[in-house]
Amino acid sequence: MTYQRLTREQMAARVARDIPEGAYVNLGIGLPTLVSNYLPKDREIILHSENGLLGMGPTPLAGEEDEDLINAGKQPVTLLAGGSYFHHGDSFAMMRGGHLDICVLGAFQVSADGDLANWHTGAPDAIPAVGGAMDLAIGAKQVLVMMEHQTKQGDSKIVPQCTYPLTGIGCVDRIYTDLAVLDVTAEGLVVHEMIAGLSFDELQAVTAVPLISDFQKKDA
Amino acid sequence: MINKIVESLQAAVANIHDGATVMIGGFGNAGMPAALIDALIEQGARELTIVNNNAGNGETGLAALLKAKRVRKIICSFPRQADSQVFDALYRAGEIELELTPQGNLAERIRAAGAGIGGFFSPTGYGTLLAEGKETRVIDGRHYVLESPIHADFALIKALRADRWGNLVYRKTARNFGPVMAMAARCTVAQVSDIVELGGLDPEAIITPGIFVQRVVQVGQAGRAMESK
């Protein structure tokens, strides 16, 4: 069988499909930001940006940018009707206090136990910068990771133990890659979904931890 | 009569001493009190400890303060950015100390100082490099890290509007760290666009009550619309 990996846009559309009506959601910087372009129009979903707004709207039209209205990536955004502004203390209380339903984060690596590494390569000459990554990792009812399945060198980004510095321990609930959707469970990583044309064995061959197929789990 | 309004930027940053801890509001350029930072550069205080979310962007504002070699240490969450070249060079040369703290812990450490809290247990960062050496505790089955308050001698913040009692309202996401920093400093200085008569601010809409503010300086209405690039 042959298969075509999902593009970044297709991954974003796939994540967006799983975000339910009424959810309060934070989309991390980078790949997760694309998810906002694919949120179903018939659902009311409220986006949180940790610099201090709820009800974030799309990019403003050219010429209508406002330097006082930006998102966590410091890009100009808009505010939807019903949106609100608040200070940083309240904004992170929304996370840490468990009020956000979902956050979607990018990652360098995720371990089989749901440990997340996404803030620092650990390279000796790298200047560390963490921002809200650690707060987000532990601060939503559901933490979804969105990343390519493998590095550009072909290494599995799903690993037995993260080798990059950790962002959070056991915090990831579900992983969306360009090959599959995987759930982090007490028994291990369960394959929830694979792209068309990809076999379980092919997926296992490019994944550095043992996978459990949804089918096997049901049989067990 | 209480009047916290000062007539000049020089008066607004007067007596910031060498070695002071100075909180500076803003998230990137939104809410950054650029006029107060420029006045601080001119004023000349050195060996400062700066608390800000970032470590300067481009060559102006906080980056200019760093470039003038006035900062000994910075406490922040996100120093490295595409345009943080001034900080990057100082850091690589070993000329500035960095205390990196997760963004939410930074906000809460500042808030805790303002609220008289001696420390708090946060789940953020548990098990990571940024919790190394810190006391931890399991509370109701969850792991927490003991975080300490951050007090400051001065806070320089930007708000939209004030009255002579120092009551403040902000503008959009420029609010960010302003309210918590105002609480945490012994002397909070607010740069504002407008000053109104007492009673001119809706009491239901005042975000920072004047008890947290010691000086207000008006700097005009510049900089609301972003210039197209």
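**Close-ups of a predicted two-chain model**

**View 1. A:Val110 sits across from A:Leu116 of β7(A).** This is a predicted model, and here we zoom in on a strand pairing in chain A. A:Val110 belongs to strand β6, residues 109-111 of chain A, which is tied to β7(A) by two bridges. The two strands run antiparallel.

**View 2. Pull back a little and β6 turns out to be the middle of an open sheet, β7-β6-β9 of chain A.** The sheet has three strands, and its pairing is mixed. At the edges stand β7 (116-117) and β9 (158-159) of chain A; each has a single partner strand, so one side of each has no neighbour in the sheet.

**View 3. Chain A also holds an open sheet of 10 strands.** Reading across, the order goes β4-β3-β2-β1-β5-β8-β10-β11-β12-β13, again with mixed pairing. Who's left on the outside? β4 (78-85) and β13 (211-213) of chain A take the edges, and because each has a single partner strand, one side of each lacks a neighbour in the sheet. Going from one strand to the next, the twist averages 30°.

**View 4. Inside that sheet, β1 and β5 of chain A run parallel.** Strand β1 covers residues 24-27 and strand β5 covers residues 100-105, with three bridges joining them. Want one pair to look for? Pick A:Val25, whose bridge partner in β5(A) is A:Ile102. As a reminder, strands of a sheet pair through backbone hydrogen bonds, either parallel or antiparallel.

**View 5. Over in chain B, B:Ala155 and B:Ala184 have the most contacts inside the largest nonpolar core.** That core counts 131 residues. Its largest share comes from strand β8 (residues 152-162) of chain B, which puts in seven residues. Now center on B:Ala155: skipping its neighbours within four places in sequence, its contacts are B:Met23, B:Met181, B:Ala182, B:Ala184, B:Ala185, B:Thr188 and B:Val189. So the two alanines named in the title of this view touch each other, because B:Ala184 is in the contact list of B:Ala155 and contact means C-beta atoms within 7 Å.

**View 6. Where the chains meet, 41 residues of chain B are in contact with 34 residues of chain A.** On the chain B side, α4 (85-92), α5 (103-115) and α6 (178-184) each supply at least two residues. The biggest giver is α5(B), with five residues. Sorted by character, the chain B side has 18 nonpolar, 15 polar and eight charged residues.

Technical notes:
Residues are numbered from 1 along each chain as its sequence is written. Chains are lettered from A and ligands numbered from 1 in the order in which they are written. This is a predicted model: local features need pLDDT of at least 70, side-chain atom pairs count only at pLDDT 80 or more; totals for chains, interfaces and linings use all residues. Two strands pair if DSSP finds at least two bridges between them. Helices (H or I, at least four residues) and strands (E, at least two) are DSSP runs, numbered from the N terminus. Axes are lines fitted to C-alpha atoms, for helices over the stretch in contact, and angles run from 0 to 180 degrees between N-to-C directions. A nonpolar core is a set of buried Ala, Val, Leu, Ile, Met, Phe, Trp, Tyr and Cys residues joined through C-beta atoms within 7 Å. A residue is buried if 20 or more other C-beta atoms lie within 10 Å of its own, exposed if 12 or fewer, and partly exposed in between; C-beta atoms are placed from the backbone. Ala, Val, Leu, Ile, Met, Phe, Trp, Tyr, Cys and Pro count as nonpolar, Asp, Glu, Lys and Arg as charged, and the others, Gly among them, as polar.
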